[in-house]
Amino acid sequence: MQFLVSVITDSTDLASPAERAAIDVFNDRLQAEGYWVFAGGLGGPGTATVIDSRGGEALFTDGPFVESKEFLIGFWIIEAPDLDVALNLAAEGSKACNRKVEVRPFR
């Protein structure tokens, strides 16, 4: 099964050098143990553009889709045999990046 592990924060501060090092160690473990699919960091909400083409013509709006104190700043996509393994890995990822994470399975 594949899972999205979303990294959630309320600050646009980048990861500290210690956090980056811990994330690198965690990423290396995910890769070595076969859980790694993909991961990435995202720009802050101010860098977002929302596109809505539901009315036929695309409407482009600068800024985040939802105004919120917390936002998505990065993610991992992992392959795990079940939700329990994914949750344990996500707990390690949360510790490594020093931020909250949310886990969701892909359908």
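Helix α1, which covers residues 17-32, lies across strands β2 and β5, and its direction runs at about 25° to that of β5. Helix α2, made of residues 83-97, also packs on the sheet, where it touches β1 (2-9), β5 and β6, and its direction makes about 155° with that of β6. The model described here is predicted, and the points below go from the sheet to the contacts and the core.

**The sheet**

- The sheet is open and is formed by 4 strands in the order β2-β5-β1-β6, with antiparallel pairing.
- Its edge strands are β2 (36-41) and β6 (100-105), each of which pairs on one side only.
- On average, and with direction ignored, neighbouring strands of this sheet are turned by 20° against each other.
- As general background, the strands of a sheet pair through backbone hydrogen bonds, and they may do this in a parallel or an antiparallel way.

**Strand by strand**

- Strand β2 is joined by 5 bridges to β5, which spans residues 71-79, and the two strands run antiparallel; within β5, Phe-75 is the bridge partner of Gly-40.
- Strand β1 is joined to β5 by 8 bridges, again with the two strands running antiparallel, and the bridge partner of Ile-8 in β5 is Leu-72.
- Strand β1 is also joined to β6, by 6 bridges in an antiparallel arrangement, and here Leu-4 stands opposite Arg-104 of β6.
- Strand β1 is mostly covered, since 6 of its 8 residues are buried.

**An aromatic link between helix and sheet**

- The structure holds 2 aromatic pairs, and one of them is formed by Phe-26 and Trp-76, whose rings meet edge-to-face at 5.1 Å centre to centre, with 80° between the planes.
- Because Phe-26 lies in helix α1 and Trp-76 in strand β5, this pair ties together parts that are 50 residues apart in sequence.
- Both Phe-26 and Trp-76 are buried.

**Two buried residues and their surroundings**

- Ile-73 has its place in strand β5, and it counts as buried because its relative accessibility is 17%, which is under the 20% cut-off.
- Leaving aside its neighbours within four places in sequence, Ile-73 is in contact with Val-7, Thr-9, Gly-41, Leu-42, Gly-43, Gly-44 and Arg-99.
- Ile-73 and Pro-45 are 28 residues apart in sequence, while their C-alpha atoms are 8.4 Å apart in space.
- Glu-19 is found in helix α1, and with a relative accessibility of 14% this residue also counts as buried.
- If residues up to four places away in sequence are not counted, Glu-19 touches Leu-14, Ala-96, Cys-97, Asn-98 and Arg-99.

**The nonpolar core**

- In soluble globular proteins, nonpolar side chains tend to be buried together.
- The largest nonpolar core of this model has 18 residues, and of these Ile-23, Leu-30, Trp-76 and Ile-78 touch the most other members.
- At least two residues of this core come from each of β1, α1, β5 and α2, and α2 gives the most, with 5 residues.
- Leu-30 touches Tyr-35, Trp-36, Trp-76, Ile-78 and Leu-89, when residues up to four places away in sequence are not counted.

Definitions and conventions:
Residues numbered from 1 in each chain as written. Predicted model: local features only at pLDDT ≥ 70, side-chain atom pairs only at ≥ 80, totals over all residues. Heavy atoms only, no water. Pairing = 2+ DSSP bridges. Axes fitted to C-alpha atoms, helices over the stretch in contact; angles between N-to-C directions. Contact = heavy atoms within 4.5 Å. Phe/Tyr/Trp six-rings, centres within 6.5 Å; stacked < 30°, edge-to-face > 60°. Buried < 20%, exposed > 50% of the residue type's maximum accessible area, 1.4 Å probe, protein only. Core = buried A, V, L, I, M, F, W, Y, C linked by side-chain atoms within 4.5 Å.
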